Amino acid sequence: MNIHEFQAKELLKRYNIPVPDYFVIRDLDALKDIDLDEAVVKIQVHAGGRGKAGGVKFAKSKAEIKDVTKRLLGMKIVNNQTGPQGVVANAVILSKPVDIHKEFYLGAIIDRDQKRMSLIASTEGGMDIEEVAQKHPEKILVLPIGMGGKLRMYQIVAFNKFMGFKADVAKQATKLVQNLAKAFYELDASILEINPLVLTPSNHLVALDAKFAIDDNALFRHPGILEMRDPDQYSKAENAAFENDLSYVSLEGNIGCMVNGAGLAMATMDIIQHEGGKPANFLDVGGSATKERIAFGFEMILSDPNVKGILVNIFGGIVSCRMIAEGIIHVVKERKIKIPVVVRLEGTHVKEGEKLLEDSGLEIIAAVDLLDAAKKIVSQVQEVI
Ligand code: ADP
Ligand code: MG
């Protein structure tokens, strides 16, 4: 789950990481309580690259602050981090402009290749870190974060040297980097990024921007962070999925996919693409799919007007294919589904499940395996469109 910059800064503050003061503004009226003669106004959306998209503006007078805030509230941005539908800013934050001597990058991620938490630091701040990694890998330092979110002293020394931090700045950086690693670990973050971390002309390190994502599976441990979830930043279907504990991501294609297990869902999307089709969504109904979840999954898929066909791919490990078949038959009848539905079942009670589908008298297309299923749904959808 992602949260907004101002919420991420709230968390950083709790870990004693210096951030500029900010005011969260949701309507123009709220400006009258704020006494700033100049400000940086930033849209609050779940996407980076706001500066490039025109969502970060400097205002040099009270009148300008009002003018800029008016323009930015309600602004929509569409970039490679938002998906085609974009995201709308229902809030902006105002901060006093900070004098910048130099910008740095500091972040932590779950490093899947290395199977550990990694700290990432760069002298190239304020830029797209992926681009820096590609063009100037030597300008990025990656350090393993130990269990408990701890960094070793020799790592911190290496970090300060790499970043060029000396004397008092190195002291500040030491605390800051230790606190960042601790916050990352304790808050079950999947990403915690400060870009830019700036050094002011008076030699103070300040986090000007903050990005934080938490592992959804750890949210139960952090009710306070769960409360920060902003449903306005997600689609209707994504919100419904969240409330019902399903993983759903809408995509641009026209083949709705209902699958149990994230790995199988990925494989299903891959094979659809391989056969020349385009998945409309990623949907994992969970290892223990029930009739209700199947029905709900169909509702979510059908709520996308682009969907021209549905592929159900269920592996009956814990669940019974018979029960899944009953669920599918019920929904297809009840919802009078007219678009092609291809079903591939495998595993527990598969024979009984397939028989139920066959005897249902409904136009449900059975597939013998994953490749067959992908071929069938792709050709069906091509006929429809
Ligand atoms: P994004 O990463 O989404 O583009 P940032 O918050 O990083 O948004 O803002 C973009 C740039 O704007 C920063 O790299 C920094 O140079 C500048 N900036 C942001 N906040 C401030 C501030 N309070 N004072 C001065 N400059 C700022
Ligand atoms: Mg930034």
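**Ligand 1 and the magnesium ion in a predicted model**

Student: In this predicted model, which of the 19 residues around ligand 1 come nearest?

Tutor: The shell around ligand 1 can be sorted by class into eight nonpolar, six polar and five charged residues. From the 19 residues around this ligand, those that come nearest are Lys42, Arg50, Gly51, Val98 and Glu103.

Student: How much of the accessible area of ligand 1 does the protein cover?

Tutor: Polar contacts to oxygen atoms of ligand 1 include one from a backbone N or O atom of Gly49 at 3.3 Å, and another from a side-chain N or O atom of Asp209 at 3.0 Å. Of the 540 Å² of accessible area that ligand 1 has on its own, the share covered by the protein is 86%.

Student: Which elements give two or more residues to the shell around ligand 1?

Tutor: At least three residues of this shell come from domain 1 (21-95), and at least three from domain 2 (102-225). The elements that contribute two or more residues are β2 (39-43), β3 (56-59) and β10.

Student: Which residues coordinate the magnesium ion, ligand 2, and how many residues apart are they?

Tutor: The ion is coordinated at 2.2 Å by Asn195 through O and by Asp209 through OD. Asn195 belongs to strand β10 (residues 189-199), whereas Asp209 sits in the loop between β11 (205-207) and β12 (211-214), so that the pair links distant parts of the chain, with a separation of 14 residues.

Student: Does Asn195 count as buried or exposed?

Tutor: A backbone N or O atom of Asn195 also lies 3.2 Å from an oxygen atom of ligand 1. Because its relative accessibility is 12%, and the cut-off is under 20%, Asn195 counts as buried.

Note on methods:
Residues are numbered from 1 along each chain as its sequence is written. Chains are lettered from A and ligands numbered from 1 in the order in which they are written. This is a predicted model: local features need pLDDT of at least 70, side-chain atom pairs count only at pLDDT 80 or more; totals for chains, interfaces and linings use all residues. Side-chain values use heavy atoms; hydrogens and water are left out. Donors are N, O and S atoms within 2.8 Å of the metal (3.2 Å for Na, K and Ca); water is not among the atoms, so sites may look incomplete. Helices (H or I, at least four residues) and strands (E, at least two) are DSSP runs, numbered from the N terminus. Buried means under 20% relative accessible area, exposed over 50%, partly exposed in between (1.4 Å probe, protein chains only). A residue is near a molecule or strand if one of its heavy atoms lies within 4 Å of it. A polar contact is a pair of N or O atoms within 3.5 Å; within protein, one must be able to donate a hydrogen and the other to accept it, and residues adjacent in sequence count only if both atoms are side-chain atoms. Accessible areas come from the Shrake-Rupley method with a 1.4 Å probe; for residues, only the protein chains shown count as cover. Ala, Val, Leu, Ile, Met, Phe, Trp, Tyr, Cys and Pro count as nonpolar, Asp, Glu, Lys and Arg as charged, and the others, Gly among them, as polar. Domain bounds come from an automatic or database domain assignment.
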